[in-house]
Amino acid sequence: LPFQGKFQGTSIQKPSSLGLGLPQADVAGTETEIGIMFGSFIIGYTRNPSLKQQLFSYTSLDFAFSE
């Protein structure tokens with residue numbers, strides 16, 4: 001809520017802390033994406049170990065694009 005100052009017609013807004021959390025949301029999204037990528041690599045490797053090198057190269061490429 002606005003605070004009414006001494007002078008009539010002036011108001012001071014309380015600073016919002018919402019802007020402080022926005023960069024953290026972006027970092028959390030990137031960390032989640034990296035976890036999903038490497039988790040999918042592990043699942044793919046356990047299902048078909050002969051594709052280890054190809055899966056790892058795709059995972060590395062995806063990691064580079066996410067950063």
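**Reading aromatic pairs and burial in a predicted model**

Modeller: Of the 67 residues of this protein, 9% count as buried. Please keep in mind that the model is predicted.

Colleague: What does the secondary structure of the protein come to, and in which order do the elements run?

Modeller: The protein has two helices and two strands. Read from the N terminus, the order is β-β-α-α.

Colleague: How should one decide whether a residue such as Thr-59 is buried or exposed?

Modeller: One compares the relative accessible area with a cut-off: buried means under 20%, and exposed means over 50%. Thr-59, in helix 2, has a relative accessibility of 8% and therefore counts as buried.

Colleague: Which residues does Thr-59 contact, leaving aside its neighbours within four places in sequence?

Modeller: Thr-59 is in contact with Met-37, Phe-38 and Phe-41. In addition, its side chain reaches the backbone oxygen of Leu-55 at 2.8 Å.

Colleague: How many aromatic pairs does the structure hold, and how is such a pair read?

Modeller: The structure holds three aromatic pairs. To read one, consider the distance between the ring centres and the angle between the planes: under 30 degrees counts as stacked, over 60 as edge-to-face, and the rest as tilted. Phe-38 and Phe-63 have 55° between their planes and 6.1 Å from centre to centre, and this pair is tilted. Phe-38 belongs to helix 1 (residues 18–47) and Phe-63 to helix 2, and the pair links distant parts of the chain, 25 residues apart.

Colleague: Why is the pair of Phe-41 and Phe-56 called edge-to-face?

Modeller: The planes of Phe-41 and Phe-56 stand at 65°, with the ring centres 5.8 Å apart, so the pair is edge-to-face. Since Phe-41 lies in helix 1 and Phe-56 in helix 2, the pair ties together parts that are 15 residues apart in sequence. Phe-41 is buried at a relative accessible area of 14%, whereas Phe-56, at 40%, is partly exposed.

Colleague: Which residues do ring pairs link into a cluster?

Modeller: The cluster consists of Phe-41, Tyr-45 and Phe-56, linked by ring pairs.

Colleague: What does Phe-63 touch, not counting residues up to four places away in sequence?

Modeller: Residues apart in sequence may be compared by their separation in space. Phe-63, which is found in helix 2 (residues 52–66), touches Ile-34, Met-37 and Phe-38. Phe-63 and Ile-34 are 29 residues apart in sequence, and their C-alpha atoms are 6.7 Å apart in space. With a relative accessible area of 33%, Phe-63 is partly exposed; Phe-38 is also partly exposed, at 32% relative accessibility.

Methods. Residues numbered from 1 in each chain as written. Predicted model: local features only at pLDDT ≥ 70, side-chain atom pairs only at ≥ 80, totals over all residues. Heavy atoms only, no water. Helix = DSSP H or I, 4+ residues; strand = E, 2+ residues; numbered from the N terminus. Buried < 20%, exposed > 50% of the residue type's maximum accessible area, 1.4 Å probe, protein only. Contact = heavy atoms within 4.5 Å. Polar contact = N/O pair within 3.5 Å; in protein donor to acceptor, adjacent residues only side chain to side chain. Phe/Tyr/Trp six-rings, centres within 6.5 Å; stacked < 30°, edge-to-face > 60°.
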